[in-house]
Amino acid sequence: MIILGIETSCDETAASVLKIERGRFFILSSIVSSQIDIHRPYGGVVPELAARNHIINILPVINQALTKAKVKPAGIDRIATTTGPGLITALLIGVETARVLAQQWQKPIIATNHLKGHLYSSWLENKPIRYPALCLIVSGGHTELILMKSSQSLKKIGATLDDAAGESFDKVAQMLGLGYPGGPAISKLAKTGNAAAFKFPRPMVNEPNFNFSFAGLKTAVLYTKNKLPKIDQQTKADLAASFQQAATDVLVQKTIKAAQHYKAKTVMLTGGVAANRQLRVELGQAVGKIKASFIVPPIKLCTDNAAIIAAAGYFAKPSPWQKLTADPNLEIR
Ligand code: KG4
Ligand code: ZN
């Protein structure tokens, strides 16, 4: 099966051609046109600007994906497009483009949940997944723990009650004047910092549930920073490293607690924050200790792209193009 994936939920315009043969996934192309430079001066994504740039980029990006994959429209079996969650103005561009192409090319269309895209990014690794499996999705807008009894049985068992993990990285980066996007900036600066320099809270680690909270951690960094008489480059690095350590500890401890509770045989780490090296290493080590297998996709498949949307499209059923609707608050079901 050959799937064209389309992704425009936030600030990346992306298209990918994915081939699935005997249960194995082959990315024939994955084109991502990033708008980071456009949004950077504003310190975050401006929805209207994102939509305008998706309009400009979407067809060239799809063309590039088809050309690179050496696949003609006739060779595509289905089109998968992100319908949510995300910015409504941005989502609409991918949804309407997919709708028109599906009509023109007479192809089945798959409405894909962006979070399921992150979840199924693990399948692109072509590694065995044993059930029950547990997936930690950590992105700019979401932090969720999903329990899977099979490739298509998904149950949300925990989520953030306030800020998402990525959002807390972005906000702390903003406080430290590191610019946008914050995650990569924090992790770069943290390399030269002392993670034990500041004792930040580990919110909700001891609570008897699998939920998260990052707002208090972010505020603790702000209060600590405001009390310091002077902030030189080393102090900034120490703040970044101590914050990153606290966020990592919470994510690792809660995921392991859930994995033990549900006797998970495979633990997956996905979403933009899964690009964080410290989190990848520390969660990987902790999962090894409980004798489960660990899957984390390569960094370019953790941050937003359309190969993951095509992968999720493989597991979903087509819907009539008339029924396709963008839903900014779409939940995992
Ligand atoms: O999945 P993603 O690309 O987009 C959403 O679906 O939200 O995730 C973006 C988030 C941003 O908050 C960004 O700061 C964070 O992922 N991120 C990181 C790193 N790279 C990206 N966070 C921590 N460390 C990183 N290296
Ligand atoms: Zn994402």
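Which residue's side chain is joined to the side chain of Ser 213 by a polar contact? Keep that in mind for the first close-up, and remember throughout that this is a predicted model.

**View 1. Ser 213 and its partner in a loop.** The partner is Asp 162: its side chain and that of Ser 213 are joined by a polar contact of 2.7 Å. To find Ser 213, look in the loop that sits between helix H6 (182-190) and helix H7 (215-227). Is Ser 213 buried or exposed? Its relative accessibility is 11%, so Ser 213 counts as buried; the cut-off for buried is under 20%. If you skip residues up to four places away in sequence, Ser 213 touches Thr 160, Asp 162, Pro 203 and Met 204.

**View 2. Met 204, a neighbour with a positive phi.** Met 204, one of the residues that Ser 213 touches, lies in the loop between H6 and H7. Here's the odd bit: Met 204 isn't a glycine, yet its phi is positive, at about 65°. Most residues other than glycine have a negative phi. With a relative accessible area of 14%, Met 204 is buried.

**View 3. Gln 106, with a positive phi and an exposed position.** Gln 106 is not a glycine either, and its phi is positive at about 55°. You'll spot Gln 106 in the loop between helix H3 (88-105) and strand S5 (109-113). Its relative accessibility is 67%, so Gln 106 counts as exposed; exposed here means over 50%.

**View 4. The zinc ion and the residues that hold on to it.** Which residues coordinate the zinc ion (ligand 2)? They are His 114 (NE2), His 118 (NE2) and Asp 304 (OD), at 2.0 to 2.1 Å. Read along the chain, the donors follow the spacing H-x3-H-x185-D. That brings together distant parts of the chain: His 114 is in helix H4 (residues 114-120), while Asp 304 is in the loop between helix H10 (299-302) and helix H11 (307-314), 190 residues apart. His 114 has a relative accessible area of 6%, so it is buried. Asp 304 is buried too, at 17%.

**View 5. Ligand 1 and its surroundings.** How many residues surround ligand 1? There are 17, and the closest are His 118, Gly 140, Asp 170, Gly 183 and Gly 272. Two histidines from the zinc view turn up again here. An oxygen atom of ligand 1 is 3.1 Å from an N or O atom in the side chain of His 114, and for the side chain of His 118 the matching distance from a ligand oxygen is 3.0 Å. Asn 276 joins in as well, with a polar side-chain atom 3.0 Å from a nitrogen atom of ligand 1. On its own, ligand 1 would expose 550 Å², and the protein buries 88% of that. The elements giving two or more residues to the shell around ligand 1 are H4, helix H5 (165-175) and H6.

**View 6. Two cis peptide bonds.** Most peptide bonds are trans. Not the one that joins Tyr 131 and Pro 132: that bond is cis, with omega about 0°. Pro 132 is in the loop between H4 and strand S6 (133-138). The bond from Tyr 180 to Pro 181 is cis as well, with omega near -5°, and Pro 181 lies in the loop between H5 and H6.

**View 7. Gly 43, in contact with Tyr 180.** Gly 43 is in the loop between helix H1 (36-39) and helix H2 (47-69). Leaving out neighbours within four places in sequence, Gly 43 is in contact with Gln 174 and Tyr 180. At 31% relative accessibility, Gly 43 counts as partly exposed.

**View 8. The hairpin of S2 and S3.** Strand S2 (residues 12-21) and strand S3 (residues 24-34) run antiparallel and are joined by 10 bridges. Glu 21 stands opposite Arg 24 in S3. The hairpin has 2 residues between its strands, and Arg 22 in the turn has a positive phi of about 45°.

**View 9. Helix H11, mostly tucked away.** Why is H11 described as largely enclosed by the rest of the structure? Because 7 of its 8 residues are buried. The buried ones are Ala 307, Ile 308, Ile 309, Ala 310, Ala 311, Ala 312 and Gly 313.

Methods: Residues are numbered from 1 along each chain as its sequence is written. Chains are lettered from A and ligands numbered from 1 in the order in which they are written. This is a predicted model: local features need pLDDT of at least 70, side-chain atom pairs count only at pLDDT 80 or more; totals for chains, interfaces and linings use all residues. Side-chain values use heavy atoms; hydrogens and water are left out. Helices (H or I, at least four residues) and strands (E, at least two) are DSSP runs, numbered from the N terminus. Buried means under 20% relative accessible area, exposed over 50%, partly exposed in between (1.4 Å probe, protein chains only). A polar contact is a pair of N or O atoms within 3.5 Å; within protein, one must be able to donate a hydrogen and the other to accept it, and residues adjacent in sequence count only if both atoms are side-chain atoms. Contact means heavy atoms within 4.5 Å. Two strands pair if DSSP finds at least two bridges between them. Donors are N, O and S atoms within 2.8 Å of the metal (3.2 Å for Na, K and Ca); water is not among the atoms, so sites may look incomplete. A residue is near a molecule or strand if one of its heavy atoms lies within 4 Å of it. Accessible areas come from the Shrake-Rupley method with a 1.4 Å probe; for residues, only the protein chains shown count as cover.
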